[in-house]
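Welcome, and please open your viewer. We will go from stop to stop, selecting a few residues each time and looking at what is there.

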Amino acid sequence: MAVLDDLSGFEFEDLMEDVFRNLGYENVRQAEKTADEGRDVIMEEVVDGTRRAIVVECKHTGNVGRPVVQKLHSAIATFDFDGPKRGMVVTTGRFTNPAQEYAERLQQNDDPHPIELLDGEDLREIADEIGLDLYNGRIEILCDETLRPYDPAADVVAPVQEAFRDIENIETADLPTPYSQVTFRPVVAITADTNAVFETSVGVIHRINDRTRFVVHADRGHPRVADNDVSTLVTENFHATVDLDIERFAETFDDVDERRYGQTQTEYKDWAVDRLQDHHTTTVTYTGDNNVTYNKTCEPNRSDISIQSIEPVYLPEVRHTADLGEYTYPYEYYAAGPSRVTTEDGIHRCVHCETSGTDETYTYCPNCGALACDSHIKTERLEQEPVCTGCAVTERFALRTKYFYDEQNLEVFREEYAAMPLHEKAMENKLLAGGGVVATLLIVVGLLAISGLV
């Protein structure tokens, strides 16, 4: 049976490590390749509350005979593990009748170290279950779970309504219904152990014993590590996933898009190992036996890094756009039910300058729909309501600039201004009027002083 033909024996072991991890086995790792004692992969399982070790022999060959199974049985007996142990032989080919009979006899005799046999046909069934491409040794990321794209206890547009609550001069009840889109973006949560010891003639100079968990954006293109807040959003909500039902979500959102995973699981694993190898590489300074100071670069080997799990899930990226007058305001975030991480906030941003952020005050201009900061919001003279500097019509009265919604309002005020008595016209520029009063008082006081009356 011609499957996985292009893989070397070591590459087949790498593949089976990924396969077993996908099947739910724990603490999956490879034995040292330089000291193969009949065991290629070691892993664990919990059965009825008892943890059991599994020693696996991988054979990338046509036929596997009885001697291979016997050798593994001996390796299981000598494997150091405090608890029950069993074995497994996996091959891309098939097992001879004597090999199968030997494994069956161990089962029938209730041997303490039974051995399970998986042949090429079994691998085909596993391939269908986990998305394994038998002909190139790659495991496609298959995922049908997503974090919740909205809080089921609230309306889907509740986050954008909440964002508008601190905008002056507009009530959320008056907002038009936003256009809502959701893109289900693939991510993987990777857990890895790095264990390495660096020694010189003076002894151990550096040791790494670290478990790392991080989230990776897994769209097409190069993988990239998610920001801390996005990573926290994913890891804290893994327990609350739902089925990725595109048709159901299409009833809630105006537009729904699902992105595919850009790489295979094997490629993500290799990328993660490379990244962790770089991350843990450091230069250590130590003093030798001759009292001379040395610098040594300590870089863990790839074999020192064990990928414990690669967990896929879809991360909803929700984008709302609200149209107000001449402007469209985007509000975008990654969602996990009621939790979210905002990636774009076009609501808390002045349309006329660079001012942005929730610490500033913004006011809605009903004349054009602008959301503007205090520097770009004025009071419309005729209506005494806010108007932004971007749309206002202006004219100077009593040497002071006045702001109007349009030419019609300006013309109405011109007529009112023309009919005003002089003192009211002067009050259109309170600073000028106040300054005139002060100047008049000073002149009066001066005249009285000259005349000797004061």
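The tour begins with the domains, moves through a sheet and an interface, and ends at three hairpins.

**Before you select anything**

This is a predicted model, so to speak: local features need pLDDT of at least 70, side-chain atom pairs count only at pLDDT 80 or more, and totals for chains, interfaces and linings use all residues. Residues are numbered from 1 along each chain as its sequence is written, and side-chain values use heavy atoms, with hydrogens and water left out.

**Stop 1: colour the domains**

Give separate colours to domain 1 (9-130), domain 2 (145-319), domain 3 (363-419) and domain 4 (423-453). These bounds come from an automatic or database domain assignment.

**Stop 2: the sheet with strand 1 at its edge**

Now show the cartoon and find the open sheet of 5 strands, ordered 1-2-3-5-7, with mixed pairing. Strand 1 (26-30) and strand 7 (115-118) are the edge strands, each pairing on one side only. From one strand to the next, the twist averages 25 degrees. Strands and helices here are DSSP runs numbered from the N terminus (E, at least two residues, for strands; H or I, at least four, for helices). Two strands count as paired if DSSP finds at least two bridges between them.

Select strand 1 together with strand 2 (residues 41-47): they run antiparallel and are joined by 3 bridges. Gln30 has Val41 in strand 2 as its bridge partner.

Next, add the helices. Helix 2 (residues 66-78) packs on the sheet and touches strand 3, strand 5 and strand 7. The direction of helix 2 makes about 150 degrees with that of strand 5. Helix 1 (residues 9-22) lies across strand 1, strand 2, strand 3 (50-59) and strand 5 (85-91), and runs at about 180 degrees to strand 1. Contact means heavy atoms within 4.5 Å; the axes are lines fitted to C-alpha atoms, for helices over the stretch in contact, and angles run from 0 to 180 degrees between N-to-C directions.

**Stop 3: where domain 1 meets domain 2**

Display both domains again; their C-alpha centres lie 32 Å apart. Each side brings residues to the contact: 8 from domain 1 and 8 from domain 2. About 670 Å² is buried between domain 1 and domain 2, 25% of it on carbon and sulfur atoms. Buried area is the accessible area (1.4 Å probe) that two parts lose on being put together, summed over both.

How many salt bridges does the rule find across the interface of domain 1 and domain 2? There are 2, where a salt bridge is a side-chain nitrogen of Lys or Arg within 4 Å of a carboxyl oxygen of Asp or Glu. On the domain 1 side of this interface, helix 1 gives the most, with 5 residues.

Show the side chain of Lys269 and look for Glu17, with which Lys269 meets in a salt bridge (3.3 Å, N to O). Lys269 also forms a salt bridge with Asp18, the closest N and O atoms being 3.8 Å apart. Asp18 lies in helix 1 and Lys269 in helix 8 (residues 265-280), so this pair ties together parts that are 251 residues apart in sequence.

**Stop 4: three hairpins**

Select strand 11 (residues 179-200) and strand 12 (residues 203-217), which run antiparallel and are joined by 14 bridges. They form a hairpin with 2 residues between them, and Thr200 stands opposite Gly203 in strand 12.

Carry on to strand 13 (residues 224-225), which is antiparallel to strand 12 and joined to it by 2 bridges. His217 has Arg224 as its bridge partner. This hairpin has 6 residues between its strands, and Gly221 in the turn has a positive phi of about 105 degrees.

Finish with strand 19 (residues 327-336) and strand 20 (residues 339-345), an antiparallel pair with 6 bridges. Ala335 has Arg340 in strand 20 as its bridge partner. Pick out Gly337 in this hairpin, where the phi is positive, near 65 degrees.
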